[in-house]
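Colleague: Please take me through the assignments in this model one at a time, and set the value beside the criterion wherever a term depends on one.

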Amino acid sequence: MSMLKDIYDSRGNGRAVQVISECYILPEGTEAVCYQEMSGNYSVYVLEKQQFHSNYFKRDERWEENPERLEPNMGNIVQRRPRANERREDRRNDGQEVHQMSELIRFLDADTYREKIKILEEMKDRLDDHMLNNMAVSLDLSLEDGVDGYTYIMSELKIRSRFEGKRGERL
């Protein structure tokens, strides 16, 4: 069964990650998983497959273990190098990022443009560049430098919503 593009949550801190690929650690040929965080700076890691499954659970499966939060075992992790001028504190994840991710997913999952407009209006004061860029990409838009992303996306949604009622309520 392929894990590609599956979403997993950390048993330790609740962070969401997406599997990029299954791979091998050489020279031993140990099965491994390459995955990327879905918040913060979207760091990429490689972890032994068995260890990955010990530290993460698939989002659509219930975690049936002891509900105590486990600290992830960070052995054998290969982490990308920090970008220039990036400090470790800048890469921390907190509850706000998890909340932003759930709001973004709510926007992405909305069935109609009207729903997306309503969600975008609710989120207006909490939007950041990452969220706006992800929303724009989901609508097949590109945010240019100097353009107000919120206004641009809202305008596009309003235009599209005028036509969706004539062809049904689903996108």
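Modeller: Let me begin with a turn: in the hairpin of strand 3 and strand 4, six residues lie between the strands, and Gly-40 takes a positive phi near 65°. Please keep in mind throughout that this is a predicted model.

Colleague: What makes strand 3 and strand 4 a pair, and in which sense do they run?

Modeller: Pairing requires at least two bridges between two strands, and strand 3 and strand 4 (residues 44-48) have five, in the antiparallel sense. Among the residues involved, Val-33 has Leu-47 in strand 4 as its bridge partner, and Cys-34 stands opposite Val-46 in strand 4.

Colleague: How many bridges join strand 2 to strand 3, and which residue of strand 3 is the bridge partner of Ser-21?

Modeller: Strand 2 (residues 16-25) and strand 3 (residues 30-37) run antiparallel and are joined by eight bridges, where at least two would be enough to call them paired. The bridge partner of Ser-21 is Cys-34, the residue that stands opposite Val-46 in strand 4, while Ile-25 has Thr-30 as its partner in strand 3.

Colleague: What is found in the hairpin of strand 2 and strand 3?

Modeller: That hairpin has four residues between the strands, and Gly-29 there takes a positive phi near 80°. Pro-27 also lies in the loop between strand 2 and strand 3, and the peptide bond leading to Pro-27 from Leu-26 is cis, with omega near 10°. As a general matter, most peptide bonds are trans.

Colleague: What is the order of the strands in the sheet, and which strands stand at the edges?

Modeller: The sheet is open and has five strands in the order 4-3-2-1-5, with antiparallel pairing. Strand 4 and strand 5 (56-58) each have a single partner strand, so one side of each is left without a neighbour in the sheet, and this places them at the edges. From one strand to the next, the twist averages 45°.

Colleague: Why is Asp-9, in strand 1 (residues 7-10), called buried?

Modeller: The term applies under 20% relative accessible area, and Asp-9 has 11%, so Asp-9 is counted as buried. Leaving aside neighbours within four places in sequence, Asp-9 is in contact with Gly-14, Arg-15, Ala-16, Asn-55, Tyr-56, Phe-57 and Arg-59. For the protein chain as a whole, buried residues make up 37% of the 171 residues.

Colleague: How do you know whether helix 4 and helix 5 are roughly parallel or roughly antiparallel?

Modeller: Helix 4 (residues 129-138) and helix 5 (residues 149-164) pack at an angle of about 25°, with their axes 10 Å apart. Angles under 35 degrees count as roughly parallel, and therefore that is the description given to this pair. The crossing of helix 4 past helix 5 is left-handed.

Colleague: Which residues of helix 4 and helix 5 meet, and how do they divide into nonpolar, polar and charged?

Modeller: From helix 4, Leu-132, Met-135 and Ala-136 meet Gly-149, Tyr-150 and Ile-153 of helix 5. Five of these residues are nonpolar, one is polar and none is charged; the classification puts Gly among the polar residues and Tyr among the nonpolar ones.

Colleague: Asp-140 and Asp-148 are both in the loop between helix 4 and helix 5; why is each called exposed or partly exposed?

Modeller: Exposed means over 50% relative accessible area, and partly exposed is the range between that value and 20%. Asp-140, at 72%, is therefore exposed, whereas Asp-148, at 45%, is therefore partly exposed. Asp-140 also has a phi near 65°, a positive value in a residue other than glycine. In general, most residues other than glycine have a negative phi. As for Asp-148, its C-alpha is 9.6 Å from that of Leu-132, although the two residues are 16 apart in sequence.

Colleague: What pattern do the helices and strands follow along the protein chain?

Modeller: The protein chain has five helices and five strands, and along the sequence they follow β-β-β-β-α-β-α-α-α-α. Of the contacts with a separation of 6 or more, 48% are between residues 24 or more positions apart.

Definitions and conventions: Residues are numbered from 1 along each chain as its sequence is written. This is a predicted model: local features need pLDDT of at least 70, side-chain atom pairs count only at pLDDT 80 or more; totals for chains, interfaces and linings use all residues. Side-chain values use heavy atoms; hydrogens and water are left out. Helices (H or I, at least four residues) and strands (E, at least two) are DSSP runs, numbered from the N terminus. Axes are lines fitted to C-alpha atoms, for helices over the stretch in contact, and angles run from 0 to 180 degrees between N-to-C directions. Angles under 35 degrees count as roughly parallel, over 145 as roughly antiparallel, 65 to 115 as roughly perpendicular and the rest as oblique. A crossing is left-handed if the near helix is turned anticlockwise from the far one by less than a right angle, and right-handed if clockwise. Contact means heavy atoms within 4.5 Å. Buried means under 20% relative accessible area, exposed over 50%, partly exposed in between (1.4 Å probe, protein chains only).
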